[in-house]
Amino acid sequence: AWGASFISSIFKDSPDWLMSVYPENETLYEKLGKFLNVDKENLLLTSGIDGGIKTIFEIMTSPGDLIGVLNPTYAMYKVYSNLYQTNLTEIHYEKDNKLNLKKLVEFIQKKPSIFFLPNPNQPIEDTLNIEKLEFLAKECMENNCLFFIDEAYHYFGADSSIELIEKYENVVVGRTFSKAFGVPSIRLGFLISNKNNMEVISKMRFAHESNTLSNRVAEYLIDNFDIVDKYIKSIIETRNQLKKILKNLGIDASGETGNYLLLDLKTSEKAMEFSKFMKDQKIYLKGPWKNDYSNYLTITLGPMEKMERFIDSIKDFNSIKCK
């Protein structure tokens with residue numbers, strides 16, 4: 001939570017007619033372009049990244065098109081693939097939770113219409129550096145494949161791929177205000193690509209891509225990025241501390257570039273018990289995940305003081321299991 005004064009700080013200087021006019025997006029486009037060091041023509045506001053993904057499916061696919069995603073990953077890729085009747089191929093991780101680039105390249109050489117890559121991905125976080133991202137961008141371009149890089153969890157340690165949008169005409173990057181900016185409720189994201197792509201993608205834009213309230217929040221956070229940066233640093237600090245604490249409590253946790261940790265409970269039975277116990281404490285986790293990942297759960301991180309109740313609950317769970 002940003003604190004009680006956060007909302008009043010955003011709207012304290014707003015004119016009394018703010019709610020009586022249609023939204024004006026130009027200011028946000030200009031601020032966002034300057035913040036990212038791109039032209040505003042390289043941007044399209046969307047309803048979170050999922051709104052951008054839906055736009056890409058709607059414009060760039062036809063029924064039966066071959067589409068690639070990772071597995072496991074963000075569920076909406078599969079939802080939209082079903083909605084737009086595309087042929088979805090899931091690229092699975094190896095047993096060590098690493099992405100097999102050779103297997104991925106073999107898929108790209110089948111000439112899919114789009115390959116979607118969250119970087120970092122969730123729940124499996126085998127984050128790719130800029131060299132590997134550029135390698136994949138080139139492979140996709142040589143095979144006439146759109147390369148969509150989902151950077152929802154950027155700012156917590158991953159390389160950005162924005163620099164690739166001008167070098168490779170097939171690259172589209174998705175970002176959101178939900179994670180590092182900490183305001184998922186405003187449902188605001190954006191796509192970044194070269195101007196030629198944006199001329200095509202923006203043809204499906206609504207009369208107003210966003211709304212006045214969401215824009216005000218986004219503009220405030222861009223103008224006051226120091227508070228966002230402070231929040232990001234607190235999450236990274238929590239991530240580092242919590243992994244050590246969890247290890248001492250008998251739980252292996254992995255995560256280097258996101259605002260989440262993947263917990264290995266060793267067996268699917270223990271993962272289910274742990275999840276149910278936490279839910280009874282009104283602590284909600286993602287998982288257990290399916291198939292080969294049924295022993296894994298994912299937690300979203302907050303500042304360390306917000307994680308104390310979770311730590312205490314683990315201790316309670318361990319004491320019950322030891323009886």
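Two strands are said to pair if DSSP finds at least two bridges between them. With that convention in hand, this tour moves through a predicted model, one selection at a time.

**Stop 1: strands 8, 9 and 10**

Select strand 8 (252-254) and strand 9 (residues 260-264). These two strands pair in the antiparallel sense, and three bridges link them. Within this pair, Ser-254 stands opposite Leu-262 of strand 9. Now add strand 10 (296-300) to the selection. The three strands make up an open sheet with the order 8-9-10 and antiparallel pairing. Strand 8 and strand 10 are the edge strands, each of them pairing on one side only. From one strand to the next, the twist averages 30°.

**Stop 2: helix 9 and its neighbour helix 8**

Keep the sheet displayed and add helix 9 (residues 225-248). Helix 9 lies across strand 8, strand 9 and strand 10, and its direction is at about 15° to strand 9.

Next, select helix 8 (212-223). At what angle do helix 8 and helix 9 pack? The angle is about 80°, and the two axes are 5 Å apart. Helix 8 is therefore roughly perpendicular to helix 9, since angles from 65 to 115 degrees fall in that class. To see the contact itself, show the side chains of Tyr-220, Leu-221, Ile-222 and Asp-223 in helix 8, which meet Phe-225, Ile-227 and Val-228 in helix 9. By class, this contact has six nonpolar residues, one charged residue and no polar ones.

**Stop 3: helix 2**

Helix 8 leads on to another helix, for it is among the elements that cover the buried residues of helix 2. Select helix 2 (residues 26-36) and highlight Leu-28, Tyr-29, Leu-32, Gly-33 and Leu-36, which are buried. Why do these residues lie on the same side of helix 2? They cover an arc of only 130° around the axis, and this places them on one side. An α-helix has 3.6 residues a turn, so residues three or four places apart point the same way.

To display the cover, select strand 1 (43-46), strand 6 (171-176) and strand 7 (189-192) together with helix 8; the cover includes these elements. At the other end of the selection, look at Asn-37, which follows helix 2 and has a positive phi, near 65°.

**Stop 4: strand 7 and its partners**

Of the strands just selected, centre the view on strand 7. Both of its faces are covered: Gly-189 and Leu-191 are buried on one side, and Phe-190 and Ile-192 are buried on the other. In a regular strand the side chains alternate between the two faces of the sheet.

Strand 7 pairs with strand 1 in the antiparallel sense over four bridges. Strand 6 and strand 7 also pair in the antiparallel sense, over four bridges. Phe-190 is a useful residue to label: it is the bridge partner of Leu-45, and it is likewise the bridge partner of Arg-175.

**Stop 5: strands 4 and 5**

Select strand 5 (residues 146-150), where five of the five residues are buried. Leu-146, Phe-148 and Asp-150 are on one side, Phe-147 and Ile-149 are on the other, and both faces are covered. Add strand 4 (114-118). Strand 4 runs parallel to strand 5, and five bridges join the two. Ile-114 stands opposite Leu-146 in strand 5.

**Stop 6: backbone details in the loops**

The last selections concern backbone torsions. Most residues other than glycine have a negative phi, and most peptide bonds are trans.

Begin in the loop between strand 4 and helix 6 (130-142), where Pro-120 is located. The peptide bond from Asn-119 to Pro-120 is cis, with omega near 0°. Then go to the loop between helix 10 (268-280) and strand 10, which holds Pro-288. Here the peptide bond from Gly-287 to Pro-288 is cis, with omega near 5°.

In that loop between helix 10 and strand 10, also select Asn-291. Asn-291 is not a glycine, yet its phi is positive, at about 55°. Finally, select Asn-97 in the loop between strand 3 (87-92) and helix 5 (101-108). Asn-97 has a positive phi of about 65°, again without being a glycine. Which of these two asparagines is buried and which is exposed? Asn-97 is buried, with a relative accessible area of 17%, whereas Asn-291 is exposed, with a relative accessible area of 68%.

Methods: Residues numbered from 1 in each chain as written. Predicted model: local features only at pLDDT ≥ 70, side-chain atom pairs only at ≥ 80, totals over all residues. Heavy atoms only, no water. Buried < 20%, exposed > 50% of the residue type's maximum accessible area, 1.4 Å probe, protein only. Arc of directions from axis to C-beta. Contact = heavy atoms within 4.5 Å. Axes fitted to C-alpha atoms, helices over the stretch in contact; angles between N-to-C directions. Parallel < 35°, antiparallel > 145°, perpendicular 65-115°, else oblique. Nonpolar A, V, L, I, M, F, W, Y, C, P; charged D, E, K, R; others polar.
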